[in-house]
Amino acid sequence: MQFEVDIRQYGSKNYDELYNRFKWNIPENFNIGVAICDRHIKEKGNQVAIFYNDGLGNEERWTFNDLKNKSNQLANLLSELGIKKGDRIGVCLPSRPETIVSLISIYKLGGIALSMSPLFGTEAVIYRLKDSEAKVLIVEGSRKDVRKAINEIPSLKTIIVVEEDGLLENEISFDEIHKASTNFNPVKTKSTDPAQLFYTSGTTGPPKGTLHAHHFLLGHIPCYQLYFELGPKEGDVYWTPADWGWIGALGDVVLPSLYFGMPVVAYRRIGRFDPRDALSLMEKYKVTCAFIPPTALRMIRKTVEDPMKEYDLKLRAICSAGESVGAELVKWGYDRLGIPINEFYGCTECNLVVVTSSTIMKVKPGAMGKPVPGHIVEIIDENGNILPPNQIGQIAVKRPDPVMFLGYWNNPEATRKKFIGDWFLMGDLGYKDEEGYIWFKGRADDVIKTAAYRIGPEEVEHVINQHPAVLESAVIPKPDPVRGNIIKAFVVLKKGYEPSDRLKSEIQQLVKDKLAKYAYPREIEFINELPKTVTGKIKRFELRRREASG
């Protein structure tokens, strides 16, 4: 089968040759739903697309035929509900086949899929649904907190419930799709039509909706193939423990794998990441290629001394990103797994633009890699001038670029601020060495990266400040050997309240419930006053400096 984008067609044996020869082939008309499902039916209809494990011992295998039929049924149901091209549909589901069915059906309808993490608290989900003016939400029955909040969202007309145990008003069971026809003609979409919406954290204000076109899938392909060592290859099976509500799972593993007609493992994990659980899963499903964030890799290294001796693993490539992988982890991968751990780099607005690939380039442990073929990545100054080697500046990507966002949802001013001329600012500082490798030096803003998640400090502070005992707060990243960083909160209490361990626990639980389970401050320090500018803005850099000095 011929694919629109496939670096294997060039037969290049080294990075420079591939980078210089590569050309984008972005068709005028392109639909992600058709590309990852319908076009595989003739050759791979009966082959497994999704290996599903619900975390409770139950297993299912979904073929490409299953995905097509069920996505067509859901598309017909959504059409009956009045959903049309351009409408937003929220998907707040864990790693399970219904997540993919939902996305495919939305894409086929020409709608815009609003992907949300199932780890989000009530307020985080409600905000995104309100801001995007979503008309339908697809969610698990266990999320009664969100289901009961439908009246708070004027645009939301219906909730489709997966694994429901009793429906509320204005709800439909996901199983209703079985009454619909399996025939559906996908809406004709241009490759530039909007298809996917993720919300990303920033340093100021609430999260912003990051809008991507259908061609954003094609923009991911070269990097995907490079960090998975010129894949896909016969017999490959793909998996990531990353949350399917993020671009880091959908864009980095799930959608590209299905694009090539390759199977993906969907594991509905119960509870926190468990190293032995992950290794057992990869052994069971003969996973060959995995995206595992650095935090999870460090947990595996710390827990299991010799994974290859204890587990019958079929891994041939691991990629990792979200925070610095580091030379030590790369060496461990070679020593204990016998395979490379390829690093890559991107952000929600412009993903997968830098990569290491041990097959076609020399790996420099500690460097993020080189620009992916098809992407122009440079280090620039505040005027948009490209800096010479070894000078620190803003990491930037030149537009147009198929992996780059269309803009922030209904926020042209925020979109404008992300550019200097035609250079998109990644929000990070770094430098490029004489050989073209890009090195990360730090954030250009206050966004916190912890265990591969990006968290805006104002989001966390907003929730902490809702506690009746809190006057104000500020959060910063604190270096951590496992997670890269943890969130530390400095809290000023109102008069009449005293610091206590119980109060710390209450604040932590509040953030877990309202924002996200991964976004709570693991460390809280009560102080009398926050450092501020003359205009009243919190000086987080002073808190970071204070923390660094001990």
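**Note on the predicted model: sheets, helix packing, cores and backbone outliers**

1. **Three-stranded sheet.** Three strands, in the order β25-β26-β27, form an open sheet with mixed pairing. Its edges are β25 (470-480) and β27 (523-526). Each has a single partner strand, so one side of each lacks a neighbour in the sheet. On average, neighbouring strands here are turned by 25 degrees against each other, direction ignored. This is a predicted model, and the points below should be read that way.

2. **The β25/β26 pair.** β25 and strand β26 (residues 484-493) run antiparallel and are joined by 10 bridges. For a register check, take valine 475: its bridge partner in β26 is alanine 489. Helix α15 packs on this sheet and touches β25 and β26. The direction of α15 makes about 140 degrees with that of β25.

3. **α15 against α16.** Helix α15 (residues 457-464) also meets helix α16 (residues 501-514). Their axes come within 9 Å and cross at roughly 115 degrees. The crossing is right-handed. From α15 the contact uses Val460, Val463 and Ile464. From α16 it uses Ile507, Leu510, Val511 and Lys514. By class, that is 6 nonpolar residues, no polar ones and 1 charged.

4. **Eight-stranded sheet.** A further open sheet has 8 strands. Their order is β7-β6-β5-β3-β4-β8-β9-β19, and the pairing is mixed. β7 (171-173) and β19 (407-408) stand at the edges. Each pairs with a single strand, so one side of each has no neighbour in the sheet. Within the sheet, strand β4 (residues 112-115) pairs with strand β8 (residues 194-200) in the parallel sense, over 2 bridges. Leucine 114 has leucine 197 as its bridge partner in β8.

5. **α6 on that sheet.** Which strands does helix α6 lie across? Helix α6 (residues 122-132) lies across β3 (88-92), β4, β5 (136-140) and β8. It runs at about 140 degrees to β8. The buried residues in α6 are Ala124, Val125, Ile126, Arg128, Leu129 and Ser132. An arginine, Arg128, and a serine, Ser132, are thus included in the buried set.

6. **Positive phi at two glutamates.** Glutamate 133 follows α6 and sits in the loop between α6 and β5. Its phi is positive, about 55 degrees, although the residue is not a glycine. Glutamate 133 is partly exposed, with a relative accessible area of 45%. Glutamate 163 also has a positive phi of about 55 degrees and is likewise not a glycine. It lies in the loop between β6 (158-162) and β7. Is glutamate 163 buried or exposed? Glutamate 163 is exposed, at a relative accessible area of 57%.

7. **Two cis peptide bonds.** One joins glycine 231 and proline 232, with omega about 0 degrees. Proline 232 belongs to the loop between α8 (216-227) and β10 (238-239). The other runs from arginine 399 to proline 400, with omega near 0 degrees. Proline 400 is placed in the loop between β18 (393-398) and β19. β19 is also an edge strand of the eight-stranded sheet.

8. **A buried strand.** How many of the residues of strand β14 are buried? In β14 (residues 341-345), 5 of the 5 are buried, so the strand is largely enclosed by the rest of the structure. In a regular strand the side chains alternate between the two faces of the sheet. Here Ile341, Glu343 and Tyr345 point one way, while Asn342 and Phe344 point the other. A glutamate, Glu343, and an asparagine, Asn342, are therefore among the buried residues, buried meaning under 20% relative accessible area. β14 pairs in the parallel sense with strand β13 (residues 317-320), over 3 bridges. Asparagine 342 in β14 is the bridge partner of cysteine 319.

9. **Nonpolar cores.** The largest nonpolar core has 84 residues. Ile50 and Tyr259 have the most contacts inside it. Leaving aside residues up to four places away in sequence, tyrosine 259 touches Phe3, Glu4, Val5, Phe30, Ala35, Ile36, Arg39, His40, Leu217, Leu218 and Ile221. Another core, of 48 residues, lies apart from it. Its members include Leu114, Trp409, Val460 and Leu515. Two of these names occur above: Leu114 bridges to leucine 197 in β8, and Val460 takes part in the contact of α15 with α16.

How values were computed
Residues numbered from 1 in each chain as written. Predicted model: local features only at pLDDT ≥ 70, side-chain atom pairs only at ≥ 80, totals over all residues. Heavy atoms only, no water. Pairing = 2+ DSSP bridges. Helix = DSSP H or I, 4+ residues; strand = E, 2+ residues; numbered from the N terminus. Contact = heavy atoms within 4.5 Å. Axes fitted to C-alpha atoms, helices over the stretch in contact; angles between N-to-C directions. Left-handed = near helix turned anticlockwise from the far one by under 90°. Nonpolar A, V, L, I, M, F, W, Y, C, P; charged D, E, K, R; others polar. Core = buried A, V, L, I, M, F, W, Y, C linked by side-chain atoms within 4.5 Å. Buried < 20%, exposed > 50% of the residue type's maximum accessible area, 1.4 Å probe, protein only.
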